[in-house]
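Trainee: I have just opened this entry and would like to go through it with you. Could we start with the overall picture and then turn to the details?

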Amino acid sequence: MEKRYVYLVLEEGSWDYETTNSFKVFDSFEKAMKDFKQRVKDTKVDMKNWIDEDETEIEETIENEHAYFSMYESGDYSRIHNTISLDKTEIE
C-alpha cells in the first residue's frame, strides 16, 4: 500500500498568560506553507501591539517539508509567545 501524508500546521501561544492552541490539516505542502506564512505574518503584526520590537526574539527555520517559527518577549517567554510549526505526518 502506498504511503499517504498530510501536513499539520500547529499554533500555540500565550498572550499575557492567556493560552491559545489551534491546528489545521492540509493535503499538500503548498497549502500548508501558505497557511503557515499567513500565521507568521499575523503573529508579527499582533506582537507589535503587545511588546516593543527591541524586546522581541524570533526563531525561524524552514527545511524540506518542515517549518518552525517562534516569536516571544525576551526574558519572559511564558507571558508572551506564539509558536507555529508545519510538519508532514503519515496517515495510518
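**A walk through the fold**

Mentor: Of the 92 residues of the protein chain, 37% count as buried. Please keep in mind that this is a predicted model.

Trainee: How many helices and strands does the protein chain have?

Mentor: There are 1 helix and 5 strands. Read from the N terminus, the elements follow the order β-β-α-β-β-β.

Trainee: And what box do the C-alpha atoms fill?

Mentor: Along the principal axes, the box is roughly 50 × 20 × 20 Å. The protein chain exposes about 6,300 Å², and carbon and sulfur atoms supply 47% of that area.

Trainee: In what order do the strands sit in the sheet?

Mentor: The 5 strands form an open sheet in the order E2-E1-E5-E4-E3, with antiparallel pairing. Strand E2 (18-26) and strand E3 (56-63) each have a single partner strand, so one side of each is left without a neighbour in the sheet. From one strand to the next, the twist averages 10°.

Trainee: Where does the helix go, then?

Mentor: Helix H1 (residues 29-47) packs on the sheet, where it touches E1, E2, E3, strand E4 (66-73) and E5. The direction of H1 makes about 175° with that of E5.

Trainee: Back to the strands. How many bridges join E1 to E5?

Mentor: Strand E1 (residues 4-15) and strand E5 (residues 80-91) run antiparallel and are joined by 12 bridges. One pairing to look for is Trp-15, whose bridge partner in E5 is Ile-80.

Trainee: What about E4, is that strand mostly covered or mostly open?

Mentor: E4 is mostly covered, as 6 of its 8 residues are buried. On one side, E4 pairs with E3 in the antiparallel sense over 8 bridges. E4 is also joined to E5, again antiparallel, by 6 bridges.

Trainee: Which residue of E4 stands opposite Glu-57?

Mentor: That is Tyr-72. Tyr-72 also has a bridge partner in E5, namely His-81. You can therefore follow a path across the sheet from Glu-57 to Tyr-72 and on from Tyr-72 to His-81.

Trainee: Which residues take a positive phi in the hairpins?

Mentor: In the hairpin of E3 and E4, with 2 residues between the strands, Asn-64 has a positive phi near 50°. The hairpin of E4 and E5 has 6 residues between the strands, and there Gly-75 has a positive phi near 85°.

Trainee: Changing topic: where is Trp-50 found?

Mentor: Trp-50 lies in the loop between H1 and E3.

Trainee: Is Trp-50 buried or exposed, or something in between?

Mentor: Trp-50 is partly exposed, because its relative accessible area is 39%, whereas buried means under 20% and exposed means over 50%.

Trainee: And what is Trp-50 in contact with?

Mentor: Leaving aside neighbours within four places in sequence, Trp-50 is in contact with Trp-15, Asp-16, Arg-79 and Ile-80. Two of these names came up earlier, since Trp-15 and Ile-80 are bridge partners. As for His-81, its C-alpha atom is separated by 10 Å from that of Trp-50, and the two residues are 31 apart along the chain.

Trainee: How many of the contacts join residues that are at least 24 apart?

Mentor: Among contacts between residues at least 6 apart in sequence, the share is 54%.

Trainee: Last one: how many charges are there, and how far apart are their mean positions?

Mentor: The protein chain has 12 positive and 24 negative charges, and their mean positions are 9 Å apart.

Conventions
Residues are numbered from 1 along each chain as its sequence is written. This is a predicted model: local features need pLDDT of at least 70, side-chain atom pairs count only at pLDDT 80 or more; totals for chains, interfaces and linings use all residues. Side-chain values use heavy atoms; hydrogens and water are left out. Helices (H or I, at least four residues) and strands (E, at least two) are DSSP runs, numbered from the N terminus. Buried means under 20% relative accessible area, exposed over 50%, partly exposed in between (1.4 Å probe, protein chains only). Contact means heavy atoms within 4.5 Å. Accessible areas come from the Shrake-Rupley method with a 1.4 Å probe; for residues, only the protein chains shown count as cover. Lys and Arg count as positive and Asp and Glu as negative; His and the chain ends are not counted. The place of a charge is taken as NZ of Lys, CZ of Arg, CG of Asp or CD of Glu. Two strands pair if DSSP finds at least two bridges between them. Axes are lines fitted to C-alpha atoms, for helices over the stretch in contact, and angles run from 0 to 180 degrees between N-to-C directions.
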